[in-house]
Amino acid sequence: WQLMGLPADEFTSDSAVIARLSPKWPLCIDPHFQALRWIQQVFQSRAQITKPNSRKAREKLVLCLQEGCPLIVEDVRGEIPAFLDVILLRRREEEKAFLFMHKSVSVHQDFQLFMSTPHAHTQFQPATFTVVSVVNFTVPLQGLDEHFLSVAVRTEDPALERERGQVLQGVTEGQRSVDAWSTKILSLLSESEGNILDF
């Protein structure tokens with residue numbers, strides 16, 4: 001995720017885990033747009049973006065539901081758009097089809113919904129917290145230091161920033177390799193018969 005623009009601090013990483021794994025759809029408080037950029041990087045060109053008052057918002061929702069594309073609803077203020085109610089009342093793993101705009105709509109298993117607001121002090125109704133996971137992506141002081149350092153390096157020495165990205169990618173791939181080997185070793189140990197010290 002850090003390779004996709006997310007700061008490396010623990011607070012932001014925890015927020016990202018909640019946004020991806022919570023059983024309820026996430027509503028990201030995102031004044032610095034880092035969650036929005038991260039989600040777009042994760043899903044790349046597949047993600048559809050809309051705003052609550054857009055005339056094509058409902059059409060995009062139906063398209064994303066059927067095609068399995070992620071839908072990002074940005075600039076959500078105080079109240080969640082009413083057209084999302086039918087989705088929010090269902091958890092991520094629930095029903096695969098329902099009625100929407102007087103039509104039966106099937107839900108593709110890859111469908112994802114993300115909502116974001118750039119307003120750090122938005123006041124949500126208590127009922128909102130029962131249907132979404134409100135996730136705070138406000139940059140903490142530690143993350144801000146790293147963000148400014150990254151911007152400064154990218155401006156002053158782009159080659160160094162690219163090298164940093166390559167190093168991060170190498171570390172990530174190395175960690176995946178270590179995890180894969182650990183799993184394989186544990187699997188072999190659990191399947192072996194007799195006392196391992198006898199070999």
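The following exchange introduces the cores, one helix and the aromatic pairs of this predicted model.

Colleague: On what basis are the values given?

Modeller: Residues are numbered from 1 along each chain as its sequence is written, and side-chain values use heavy atoms, with hydrogens and water left out. In this predicted model, local features need pLDDT of at least 70 and side-chain atom pairs count only at pLDDT 80 or more, while totals for chains, interfaces and linings use all residues.

Colleague: Which element gives the most to the largest nonpolar core?

Modeller: A nonpolar core is a set of buried Ala, Val, Leu, Ile, Met, Phe, Trp, Tyr and Cys residues joined through side-chain atoms within 4.5 Å. The largest one has 23 residues, and Leu61, Leu84 and Phe111 are among those that touch the most other members. Two or more residues come from each of β1, α3 (57–67), β3, α4 (85–88) and β6. With 4 residues, the element that gives the most is α3.

Colleague: Which residues does Leu84 contact, leaving aside its neighbours within four places in sequence?

Modeller: Contact means heavy atoms within 4.5 Å. With those neighbours left aside, the residues in contact with Leu84 are Leu61, Val73, Leu113 and Met115.

Colleague: Which residues of helix α2 are buried?

Modeller: Helices (H or I, at least four residues) and strands (E, at least two) are DSSP runs, numbered from the N terminus. Buried means under 20% relative accessible area, exposed over 50%, and partly exposed in between (1.4 Å probe, protein chains only). Cover for the buried residues of α2 includes α1 (10–21), β1 (25–29), β3 (70–73) and β6 (112–117). In α2, which spans residues 34–43, the buried ones are Gln34, Ala35, Leu36, Trp38, Ile39 and Phe43.

Colleague: How many residues apart in sequence are the parts tied together by the pair of Trp38 and Phe137?

Modeller: Rings of Phe, Tyr and Trp (its six-membered ring) pair if their centres lie within 6.5 Å; planes under 30 degrees apart count as stacked, over 60 as edge-to-face and the rest as tilted. The structure holds 4 such aromatic pairs, and the one of Trp38 and Phe137 is tilted, at 6.1 Å centre to centre and 35° between the planes. Because Trp38 lies in helix α2 and Phe137 in the loop between β7 (132–136) and α6 (141–156), the parts tied together are apart in sequence by 99 residues.

Colleague: Is Phe129, in its pair with Phe124, buried, partly exposed or exposed?

Modeller: Phe124 and Phe129 pair edge-to-face, with 6.4 Å between centres and 85° between the planes. Phe124 is buried at 12% relative accessibility. At 43%, Phe129 counts as partly exposed.
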